[in-house]
Amino acid sequence: MNTLSDRSELIASLRALVLPHLRLIEENEEIAESRSLSEAGLDSMSSINLLLDIEDQIGVTIADELIEEDSFETLAKLADLVARSTDA
C-alpha cells in the first residue's frame, strides 16, 4: 500500500464490503472514511463476518495480534488494519 491511489482503491473496496454489514444505513448511502461504523450498525458479530469477507475478497490474512480495539471503528482504521496485514 504505497500510494494514495492504492489507499483510495482499498477504501473503495472496504466501503463495498462493509455496506451489507451496516444495519442502520440505506444501501446507497455514502460512508465517509471517518464515519463511526458502530453508529451505522456494525456490531461485534457483524465485525467478525466483515473480517472474514475482507480476508476472502481482498485476499489478505489478518493476524489476531494486529487487531486492535478500534480496528473496526471507521473505514480509515479498517484500511490501516489491512495495510498492516499486507506489510506483515
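A salt bridge here is a side-chain nitrogen of Lys or Arg within 4 Å of a carboxyl oxygen of Asp or Glu. By that yardstick R23 and D43 make the cut, with their N and O atoms 3.8 Å apart. Keep in mind that this is a predicted model. The rule gives 5 salt bridges in total, and three of them are walked through below, along with helix α2 and a few details from helix α3.

**Salt bridges**

- Some background first: side chains of opposite charge can pair when their charged atoms come close.
- R23 and D43 both sit in the loop between α1 and α2, yet they are 20 residues apart.
- R23 counts as exposed because its relative accessibility is 57%, and the cut-off for that label is over 50%.
- D43 comes in at 31% relative accessibility, so the label there is partly exposed.
- D80 and R7 also pair up through their side chains, at 3.1 Å from N to O.
- That pair connects distant parts of the chain, with D80 in helix α3 (residues 75–87) and R7 in helix α1 (residues 4–18), 73 residues apart.
- Both partners are partly exposed: D80 has a relative accessible area of 35%, and R7 has 23% relative accessibility.
- R15 bridges to E30, where the closest N and O atoms are 3.4 Å apart.
- Since R15 belongs to helix α1 and E30 to the loop between α1 and α2, this bridge ties together parts 15 residues apart in sequence.
- R15 is partly exposed at 22% relative accessibility, whereas E30 is exposed with a relative accessible area of 57%.

**Helix α2, end to end**

- Does the length of α2 agree or disagree with what its residue count predicts? With 15 residues (44–58) at 1.5 Å a residue, the helix should span 21 Å, and the C-alpha atoms at its ends are indeed 21 Å apart, so the two agree.
- At the start of the helix, D43 turns up again: one of its side-chain oxygens comes within 3.3 Å of the backbone nitrogen of M45.
- So D43 has two roles to keep track of, as the salt-bridge partner of R23 and as the residue whose side chain reaches M45 at the start of α2.
- After the helix comes G59, and its phi is positive, near 80°.

**Helix α2, face to face**

- Which residues of α2 are buried? They are S46, S47, L50, L51 and I54.
- Looking down the axis of α2, these buried residues fall within an arc of 150°, so they line one face of the helix.
- M45 and D56 are exposed on the other side of α2.
- M45, which lies in helix α2, counts as exposed because its relative accessibility is 56%.
- M45 also joins I48 and L52 in a nonpolar surface patch, and together the three have about 310 Å² of accessible area.

**A detail in helix α3**

- S85 is part of helix α3 and counts as buried, given a relative accessibility of 9%.
- A polar atom of the S85 side chain lies 2.9 Å from the backbone oxygen of L81.

How values were computed:
Residues numbered from 1 in each chain as written. Predicted model: local features only at pLDDT ≥ 70, side-chain atom pairs only at ≥ 80, totals over all residues. Heavy atoms only, no water. Helix = DSSP H or I, 4+ residues; strand = E, 2+ residues; numbered from the N terminus. Expected span 1.5 Å × (residues − 1). Buried < 20%, exposed > 50% of the residue type's maximum accessible area, 1.4 Å probe, protein only. Arc of directions from axis to C-beta. Polar contact = N/O pair within 3.5 Å; in protein donor to acceptor, adjacent residues only side chain to side chain. Patch = residues over 30% accessible without salt bridge, like charges linked within 9 Å, V, L, I, M, F, W, Y side chains within 5 Å. Areas by Shrake-Rupley, 256 points an atom, 1.4 Å probe, with all protein chains shown as cover.
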